[in-house]
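Me: I am new to this structure and would like a close look at a single part. Could you walk me through one helix, starting with its outward side?

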Protein chains: 2
Amino acid sequence: MQQQYPSRLLDQAVQEFSRLPGIGRKTALRLVLFLLRQETADVERFSQALVTMKREVKFCSVCHNISDTDVCPVCSDHRRDASTVCVVENIQDVMAVENTQQYHGLYHVLGGLISPMDGVGPSDLEIDSLVKRVAAGTDATSASPVKEVILALSSTMEGDTTNFYIFRKLAPYDVKISVIARGIAVGNELEYTDEVTLGRSILNRTPFEKN
Amino acid sequence: MQQQYPSRLLDQAVQEFSRLPGIGRKTALRLVLFLLRQETADVERFSQALVTMKREVKFCSVCHNISDTDVCPVCSDHRRDASTVCVVENIQDVMAVENTQQYHGLYHVLGGLISPMDGVGPSDLEIDSLVKRVAAGTDATSASPVKEVILALSSTMEGDTTNFYIFRKLAPYDVKISVIARGIAVGNELEYTDEVTLGRSILNRTPFEKN
């Protein structure tokens, strides 16, 4: 049943909010009533921040990560290792890898994964631009050629498909291609790990290192 | 740890979103990235709907419910019974009672409950205006005097305190004051009903009616 709101303006605001993912009409109403209790200036600042972001945010011309500038802070940071490129699905994944503080190379954001079910093909993703980055790297005139591409995609059917496609596209070039390790998560118990993961983690065992 | 976003504009939008109740930084980021994928016109419509609502929405001068007009559609509907006023905490409660389709009188929205712990006293609520409505009703010149006030507040300490305060304020006037029934909820099993509710529902038993 469509709930009747006492105000058309309120109804419009609730409708707009409930278009957001994971926000139903009850939550939307709660958020709108919260905003209604705020100062007008606060609501204006909220909505201005969204419009400004949408209008002015750029995507890095090198790695396609979100950025305020033409080339993002990571790509323009000369302390970072430009010979390594980590391929990720989206900008959340860049943030996830950055938060580990274990990676000091550059990124390449695909903007999705190959998924025939969802109608996403290789041409919808930033794969050609990745090949160009690698090709430019193998050119003799380039200062810092790409020596390694790390595929850091989700461990799903779509991730595997995309890994394989990129692997084939990069095969002609003199570049090392690696995939992030898959195995049992740190802190997880062996007993509750699924069989496929456990099987893989035995096959891909690594030499024991004393820390 | 404060997460580093690759864009200051993105960071601002995420910060604004995460001020909303129940929205953490992860959810805020997800919502902002969703908006980033929408058309600019859609984002502008979203933010315009919020600002317009905040700027233009009114509160009914009679019942203090949210409204686009000076007097809300409920108060200006002559088919409704103006002799009965249902007192509720907020506008969600008006909608909840309206959705039952069992009530055909008018409302009075308090805008909260008396709560000394939260620093909310009677003067912060629309209680004086309720007394005035009832007083005007007992005046001989008024067309439709208020004959009954129904207290429909939450069954909490704050609700009970507010009920009692309003009851005392309205005692001098010739008006019937009733409280909504408290008992076991329809569909609930007796076994799992708390003792206070069950005890009350036995004390306040009603004559059996064949439907």
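Reply: Happy to! Let's take α3(B), where the exposed residues B:Thr40, B:Ala41, B:Arg55 and B:Glu56 sit on the face turned away from the buried side. Here exposed means that 12 or fewer other C-beta atoms, placed from the backbone, lie within 10 Å of a residue's own, buried means 20 or more, and partly exposed is in between. Helices are DSSP runs of H or I with at least four residues, strands are runs of E with at least two, and both are numbered from the N terminus.

This is a predicted model, in which local features need pLDDT of at least 70 (the predictor's confidence in each residue, from 0 to 100), side-chain atom pairs count only at pLDDT 80 or more, and totals for chains, interfaces and linings use all residues. Residues are numbered from 1 along each chain as its sequence is written, while chains are lettered from A and ligands numbered from 1 in the order in which they are written.

Now for the other side: the buried residues of α3(B) are B:Val43, B:Phe46, B:Ser47, B:Ala49, B:Leu50, B:Met53 and B:Lys54. They lie on the same side of α3(B), because they cover an arc of only 140° around the axis, taken from the directions from the helix axis to the C-beta atoms. These buried residues pack against α1 (8-17), α2 (25-37) and α3 (40-56) of chain A, together with α2 of chain B.

The wider contact takes 45 residues from chain B and 45 residues from chain A, where contact means C-beta atoms, placed from the backbone, within 7 Å. On chain B's side, α3(B) gives the largest share, 14 residues. The model scores ipTM 0.77 and pTM 0.74.

How values were computed
Contact = placed C-beta atoms within 7 Å.
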